[in-house]
Amino acid sequence: MTTLLEHVGAAEVLVCCGSGGVGKTTAAAALGLQAALLGRRAVVVTIDPARRLADALGVPGGLTNDPIRLDVDGPGELWALMLDTATTFDGLVRANAADAEQAERILANRFYRNVAGSLSGTQEYMAAERLHALHADSRFDLVIVDTPPTRNALDFLDAPSTLARFIDHPLFKMLMLPTRRGLKVFNVAAQPILKTIGRVVGGDVLADAVAFFQAFAGMETGFRERADEVIELLASKGTRFVLVASPRADTIEEARFFAERLRRGRLEVGAVVVNRCTPTFGDPPAKRPRAAAQAALYDNLQELRATFETERAHAASLLVGNALPPGIHTTFVPTLPGDVHSMSALASIRSLLFPPTR
Ligand SMILES: Nc1ncnc2c1ncn2[C@@H]1O[C@H](COP(=O)(O)OP(=O)(O)O)[C@@H](O)[C@H]1O
Ligand SMILES: [Mg+2]
C-alpha cells in the first residue's frame, strides 16, 4: 500500500476531488504544505472560482492567475494560483499564434471576446492546458489540482478528448478550409449546414464564429498535441487522485461516484481522506472516574469516540474494498473548532493528515 505521504513524496500531479464543502481545497493546500516540508517544489492550482484557496493559505490579498510563492518553513517551496480562464486563453493565443498579427486578429474577434470563454468546456479545457504548462514548468516538481465544487468537477478530465474530437470533426475542418482556398467568410456561411446554424444563432454570430475559426487556422495542431499530452499525463503513473469525503452519507455516495468515474477512465485513486470526522480528544482514561464531574466528562469522551468509530466503519465499508481497492490508504481527519483560514490552521490540518508515525 502506498501511503498519502508517499504519494506526496513521489507524485508529479495530485488531483483532489470530491463533493462540495468536504475540504478538497483545504486538503490541496495541506498537501502542498507537506510537499514543501519534504523538500519538494509544489504548486497548488485551484479551478474553483471562489477565493477558498487564498483563504485556506491565509493569503489576504487573494491569488492571481500567475503562481505566487508563499512563505513556508521547510526545505521546499509552496506556490499557488487561481485559474483565470480568459487570461489563460489570451496567453495561449499569444504564445501559439504564428505572429503578432494572427494573435491580434483572434483577440479582437467578437466571437472570441464574447462567446469563446463562456462556451461549455472552455473553462475545463483551460484548466487542462494550465496543468500541462505547470507540469512542464521547471520551477515546480509537483502540481496539486484543486477541482471545483460540482459533480462536474471531473469534466476537465474529458475536456482534452472533447477538444481533440472537435478538431477532428468534419464541420471544424470545413470551417478551416476556406482560408486555404482563399475564400471569404461570406462564402462559407453560404454552405447549407452553416445556413441552417445561422438561422438558429443569427447570421452575425455565425460570421464572427467563422472568422474566429479562420483566424485560428494553423494553431489547432498545437492544441491537439497538448490535449493528447494531457490525456497521457492524467493516465500516467505520476498522476494520482486523492478522493476527499466527509462521514456524511451523501458525500460518501459522491466519492463512490467519483471512484467509479475514475475507474472507468483507468485513472488511479491513490488515497482517500475522510475529513470533518467527529473529534475524539485523545484516549479516555482506562477506568471511569468516581467523581461526578469527571465521570460525566469521561462519558462524553466515550460517546465521541463511539461516534467516530461508527463514522469510520461506515466510510470504510462503503468505500474501501467496495468502490475502491481494499488496501487503499485512508486518513480520517477530525473537525477543528474553527474554519481553516490561516497558515497556522492549515498547519494543524497538515499534521492531522500526516500524523507522526509511532
Ligand atoms: N477538518 C476541518 N475542520 C474544520 N473546518 C474545516 C475542516 N476542513 C475544512 N474545513 C472548512 O470547511 C469549509 C469547506 O472546506 P473547503 O476546503 O473549501 O471544501 P471544498 O473545497 O471541498 O468545497 C471551509 O470553510 C474550511 O475552512
Ligand atoms: Mg474548494
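How many nonpolar, polar and charged residues does the shell around ligand 1 have? Keep that in mind as we tour this predicted model; we will come to the ligand at the second stop.

**Stop 1: the whole protein**

Start with the full view. The C-alpha trace spans about 95 × 40 × 35 Å along its principal axes. Colour by secondary structure and you can look for 16 helices and eight strands. Of the 358 residues in the protein, 38% are buried.

**Stop 2: ligand 1**

Now select ligand 1 and the 18 residues that surround it. The closest ones are K24, T25, T26, L336 and D339. Two elements, α2 (24-37) and β7 (269-277), each give two or more residues to this shell. The largest share, three residues, comes from α2. Here is the reply to our opening question: the shell has six nonpolar, eight polar and four charged residues.

**Stop 3: the sheet**

Next, show the strands alone. Eight strands form an open, mixed sheet, and you can trace them in the order β3-β4-β2-β5-β1-β6-β7-β8. At the edges stand β3 (68-70) and β8 (329-334); each has a single partner strand, so one side of each has no neighbour in the sheet. On average, neighbouring strands are turned by 25° against each other, direction ignored.

Zoom in on β3. Three bridges join β3 to β4 (residues 77-82), and the two strands run antiparallel. Pick I68 and you will find its bridge partner, A80, in β4.

**Stop 4: helices on the sheet**

Add helix α7 (residues 122-136), which lies across β1 (13-17), β2 (41-46) and β5 (142-146). Helix α7 runs at about 160° to β5. Then add helix α14 (residues 249-264), which packs on the sheet and touches β1, β6 (239-245) and β7. The direction of α14 makes about 160° with that of β6.

**Stop 5: the core**

In soluble globular proteins, nonpolar side chains tend to be buried together. Which residues have the most contacts inside the largest nonpolar core? Select A42, V242 and L243, which hold that place in a core of 92 residues. Leaving out residues up to four places away in sequence, V242 touches L14, V15, C16, A27, G270, A271 and V273.

**Stop 6: a helix residue**

Finish at L297, in helix α15 (residues 292-319). Is L297 buried or partly exposed? L297 counts as partly exposed because it has 15 C-beta neighbours inside 10 Å, whereas a buried residue needs 20 or more. Try a distance from here too: the C-alpha atoms of L297 and P284 are separated by 9.2 Å, with the two residues 13 apart along the chain.

Terms used
Residues numbered from 1 in each chain as written. Chains lettered and ligands numbered in written order. Predicted model: local features only at pLDDT ≥ 70, side-chain atom pairs only at ≥ 80, totals over all residues. Near = placed C-beta within 6 Å. Helix = DSSP H or I, 4+ residues; strand = E, 2+ residues; numbered from the N terminus. Nonpolar A, V, L, I, M, F, W, Y, C, P; charged D, E, K, R; others polar. Core = buried A, V, L, I, M, F, W, Y, C linked by C-beta atoms within 7 Å. Buried ≥ 20, exposed ≤ 12 C-beta atoms within 10 Å, placed from the backbone. Contact = placed C-beta atoms within 7 Å. Pairing = 2+ DSSP bridges. Axes fitted to C-alpha atoms, helices over the stretch in contact; angles between N-to-C directions.
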